[in-house]
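User: Please take a close look at the metal site in this model. I would like to know how it is built, and then how charged side chains pair in the rest of the chain.

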Amino acid sequence: MRHMAIVRNIVILTGAGISAESGLRTFRAEDGLWEDHPVEQVATPEGFRRDSALVQRFYDERRANVLAAQPNAAHLALGQLDREWQGQLLIVTQNIDDLHERAGAGRALHMHGEALSVWCIACDARHRWEETLRDGPPCPSCGKAALRPDIVWFGEMPYRMDEIYAALSRADLFVSIGTSGAVYPAAGFVQEATRCGARTLELNLERSLGSGMFDETRLGPASELVPAWVAEMLGGD
Ligand SMILES: [Zn+2]
């Protein structure tokens, strides 16, 4: 890659493709399904109001799958980069699993929420949660049975967007890993990074809807492309 010596500040966006190799399936934009459920049913506030039991069971399963999954070589490489990179680094993930954290990345930002977090709609508290919600357990803070998955559903505002755009405005390099480029606002990050003067690199299994907007696209499994790219970055040139 050109000009690597001047790269100080990096923003990385990760999506379903990086966790797929750990056995986690996620939302597929092209057919509007998540684990074979229509997204309107399991990933909207309306769906939760209509059938909260179904939605709680759905995320109980996601939570169990996340706990059973292990970080793969791509997560581990980003964990190493996060520990060793001297400049600024922000890993923005669309994924709700905690595989970045378990791979040692302390700076992961979950823009779409987390499977292992619950949000109390009565008192607004958030708690780490590894159990089920289907039986309506009480909120540890207020005691009300008002816990919902701490997941950003369609029609809701992704978390910490101000922080993400601030990091993009300072970035020298924006790297998108394993995302379809189909779900906004994340799909627009490449244009924002370009507008702010960053170089842009896509690492993906196949060309995405947004591939044409990147300076460079590398195709292959994340578990191969990401460790190779991290080695380049930490190798100095
Ligand atoms: Zn509460």
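Analyst: In this predicted model, the 4 donor atoms around the zinc ion subtend angles of 107 to 112°. Four donors count as tetrahedral if all angles lie between 85 and 135 degrees, so the arrangement is tetrahedral. The protein donors are the SG atoms of Cys120, Cys123, Cys139 and Cys142, and they lie 2.3 to 2.4 Å from the zinc ion. Along the chain these donors follow the spacing C-x2-C-x15-C-x2-C. Cys120 belongs to strand S6 (residues 113-120), while Cys139 sits in the loop between strand S7 (126-128) and strand S8 (147-151), so this pair ties together parts that are 19 residues apart in sequence. Both Cys120 and Cys139 are buried.

The loop between S7 and S8 also takes part in a charge pair. Arg134, in that loop, is joined with Asp60 of helix H4 (residues 52-68), and the two are 74 residues apart. Their side chains meet in a salt bridge with an N to O distance of 2.9 Å. The partners differ in exposure: Asp60 has 4% relative accessibility and therefore counts as buried, whereas Arg134, at 43%, counts as partly exposed.

Turning to the charge pairs elsewhere, side chains of opposite charge can pair when their charged atoms come close. The whole structure holds 16 salt bridges. One of them joins the side chains of Arg25 and Asp36, at 3.4 Å from N to O. Arg25 lies in the loop between helix H1 (16-20) and strand S2 (33-34), and Asp36 lies in the loop between S2 and strand S3 (37-38), which puts them 11 residues apart. Asp36 is exposed, with a relative accessible area of 55%, and Arg25 is partly exposed at 40% relative accessibility. Neither residue stands alone as a pair: Arg25 and Asp36 are linked with Glu35, Glu61 and Arg62 in a network of salt bridges.

A further salt bridge is formed by the side chains of Arg160 and Glu163, at 2.9 Å from N to O. Arg160 has a relative accessible area of 43% and is partly exposed. Glu163 is partly exposed as well, with a relative accessible area of 39%.

To return to the metal, the zinc ion is held by four cysteine SG atoms in a tetrahedral arrangement. The loop between S7 and S8 contributes Cys139 to the site, and Arg134 of that loop pairs with Asp60 in H4.

Key: Residues are numbered from 1 along each chain as its sequence is written. This is a predicted model: local features need pLDDT of at least 70, side-chain atom pairs count only at pLDDT 80 or more; totals for chains, interfaces and linings use all residues. Side-chain values use heavy atoms; hydrogens and water are left out. Donors are N, O and S atoms within 2.8 Å of the metal (3.2 Å for Na, K and Ca); water is not among the atoms, so sites may look incomplete. Four donors count as tetrahedral if all angles lie between 85 and 135 degrees; four count as square planar and six as octahedral if opposite donors are over 155 degrees apart and all others between 65 and 115; anything else is irregular. Helices (H or I, at least four residues) and strands (E, at least two) are DSSP runs, numbered from the N terminus. Buried means under 20% relative accessible area, exposed over 50%, partly exposed in between (1.4 Å probe, protein chains only). A salt bridge is a side-chain nitrogen of Lys or Arg within 4 Å of a carboxyl oxygen of Asp or Glu.
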